[in-house]
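Q: I am new to this structure and would like a close look at a single part. Please start there, then walk me outward through the rest.

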Amino acid sequence: MDKLVIEGGVPLAGEIAVSGAKNATLPILTAALLTTEPLTVSNVPHLRDVTTMLNLLAQMGVRVSIDERLGVELSSARIAEPVAPYELVKTMRASVLVLGPLTARYGEARVSLPGGCAIGLRPVDQHLKGLQAMGAEVAIEHGYISVRAQRLRGARICMDLVTVTGTENIMMAATLATGTTVIENAAREPEVADLAHCLNAMGARVRGAGSDVITIEGVDRLHGARYRVMPDRIEAGTYLAAAAATGGSIRLTGTRPDILDAVLEKLREAGARITTGPDWIALETNGAPGAVNVRTAPYPAFPTDMQAQFMALDSVARGTALVTETVFENRFMHVQELKRLGADIEVEGNTAVVKGVAHLDGATVMATDLRASASLVLGGLIARGATTVERVYHIDRGYERIEEKLSKLGARIRRVR
Ligand code: UD1
């Protein structure tokens, strides 16, 4: 298994381009199931989760071709098997995103129950509640969710809690339903809006995506389209946090500052100077960061996917910070590993008390999920001496060529196979 070896202590400096958003790409790829015509998606990041999704779609009978510039063309003229098997779902929970499109177009879907997940229970009850409200029959049999429907009917659905992929599943299902669907308490994440733009380019009638009420007027069929995925705000936030934590100065291109407000605000609070243009963000620092409290919540509040990286930043900040996680119930696995680098962190319930220390010291660390791994890479960049981050496959799920991008910013990092 690959490892990353980092010689820390170098302030990051320079310019890199941000990749396409993983969490927009995954639902957009599944939207190809809604039409018999080709959907061509560009700015697709080269990530393990994307490969997993393409494998899943190919296994169902979708024709997948990739051009030399990583544009992906998907053609779902014929679906052989509307099934997402356990082997794929257990490696990527976002596989559940095929449920809505398959039910809408084929009247049938079988998706393995995701099972235990490292960062909490993450049930899918809201996805199922929405499909049932639209007339689908749902059964749980032999570890699989089975959904059947003749033709889905528009419905008014009020989500009990804000769920990103739940909102996306219902939105996709509703595009081909009869009548109008209204999703209340919808997730407002920019990736939900990006999916809606893609669906509308395919002939769907979706309004209000990006707000907490989304209205979808069903149509009889969708057609092919070409769509460019939005930039990854979590990747951007991670590099900015890394620069702030190492006392560096970087510039990101191909990004969107307007969807990073909560993160940029916290970086400013930590003492960074931030300037932005329509598609770039520059960050400059003046020494060690100041401690910043963060509390995660659905968009537009501070993203749970940035919590671990800010914990790494706070571990060497001046002062004490409170980091509160409200979205997932078990998302502090990076704490023990950051402590192995010398961080002073105590967890009480869903809050971590992080007392900034003067420096971290390199060690061998290992992560159990994607963003936790990112925080350990940050820890390694900050720490004195060598840090080895094991189980790099978690990072490869969500960060495109991380060691290349960090090297370009001056980090001493290499992958050991
Ligand atoms: C998506 C993102 C993930 C991010 C998360 C929260 C993708 C592919 N993944 O995950 O990176 O961390 O949003 O911003 O976009 N819940 C229920 N019942 C449901 C669905 C969710 O109780 O039916 C709970 C979950 O257990 C969790 C919370 O709702 O505590 C939020 O989960 P959700 O927004 O659904 O996360 P994902 O869509 O899986």
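By class, how many nonpolar, polar and charged residues does the lining of the second largest pocket have?

A: A word of caution first: this is a predicted model. In the lining of the second largest pocket, eight residues are nonpolar, seven are polar and eight are charged. The lining has 23 residues in total. Five of them lie nearest the centre of the pocket: Val18, Gly20, Ser42, Asn43 and Arg228. The volume of this pocket is about 430 Å³.

Now turn to the sheet that holds strand S2. Strand S2 covers residues 13-17. The sheet is open and has four strands. Read across, their order is S2-S15-S17-S16. The pairing is mixed. Strand S2 sits at one edge, and strand S16 (273-277) sits at the other. Each of these two has a single partner strand, so one side of each has no neighbour in the sheet. From one strand to the next, the twist averages 10°.

Take the S2 edge in more detail. Strand S2 and strand S15 (residues 249-253) run parallel. Five bridges join them. One facing pair here is Gly14, which stands opposite Ile250 in S15.

At the other edge, the direction changes. Strands S16 and S17 run antiparallel. Five bridges join this pair. Arg273 stands opposite Glu284 in S17. Strands S16 and S17 form a hairpin, with two residues between them. As for side chains, there is a general rule. In a regular strand they alternate between the two faces of the sheet.

Two helices lie across this sheet. Helix H8 (residues 233-245) crosses S2, S15 and strand S17 (280-284). Helix H8 runs at about 170° to S15. Helix H9 (residues 261-269) crosses S16 and S17. The angle between helix H9 and S16 is about 150°.

These helices lead on to the cavities. There are two cavities of 30 Å³ or more. The largest cavity has a volume of about 50 Å³. Helices H8 and H9 each give at least two residues to its lining. Helix H9 supplies the largest share, three residues. The lining of the largest cavity includes Arg233, Ile234, Ile259 and Leu260. Asp261, Ala262 and Val263 are also among its lining residues. Tyr299, Pro300, Ala301 and Pro303 line this cavity too. By class, nine of the lining residues are nonpolar, none is polar and two are charged.

Helix H8 also takes part in the second largest cavity. That cavity holds about 40 Å³ of space. Helix H8, helix H12 (370-382) and helix H14 (402-408) each supply at least two residues of its lining. The lining residues are Thr238, Tyr239, Ala242, Val377, Leu378, Leu381, Ile402 and Leu406. Seven of these are nonpolar, one is polar and none is charged.

Go back toward the N terminus for helix H1. Helix H1 spans residues 22-31. Nine of its ten residues are buried, so helix H1 is largely enclosed by the rest of the structure. The buried ones are Lys22, Ala24, Thr25, Leu26, Pro27, Ile28, Leu29, Thr30 and Ala31. A general point helps when looking at helices. An α-helix has 3.6 residues a turn, so residues three or four places apart point the same way.

Finally, look at one residue in each of two further strands. Ser75 is found in strand S5 (residues 72-75). Its relative accessibility is 9%, and therefore Ser75 counts as buried. Beyond its neighbours within four places in sequence, Ser75 is in contact with Thr36, Pro38, Val62 and Arg63.

Ile66 lies in strand S4 (residues 63-66). At 48% relative accessibility, Ile66 counts as partly exposed. Leaving out residues up to four places away in sequence, Ile66 touches Leu54, Gly71 and Val72. Thr40 is 26 residues from Ile66 along the chain. The C-alpha atoms of Ile66 and Thr40 are separated by 9.5 Å.

Note on methods. Residues numbered from 1 in each chain as written. Predicted model: local features only at pLDDT ≥ 70, side-chain atom pairs only at ≥ 80, totals over all residues. Heavy atoms only, no water. Pairing = 2+ DSSP bridges. Axes fitted to C-alpha atoms, helices over the stretch in contact; angles between N-to-C directions. Contact = heavy atoms within 4.5 Å. 1 Å grid on protein atoms, 1.4 Å probe; cavity = no way out; pocket = protein on both sides within 12 Å on 5 of 7 lines; lining within 4 Å. Points joined across faces, edges and corners; volume = space filled by probe spheres on them. Nonpolar A, V, L, I, M, F, W, Y, C, P; charged D, E, K, R; others polar. Buried < 20%, exposed > 50% of the residue type's maximum accessible area, 1.4 Å probe, protein only.
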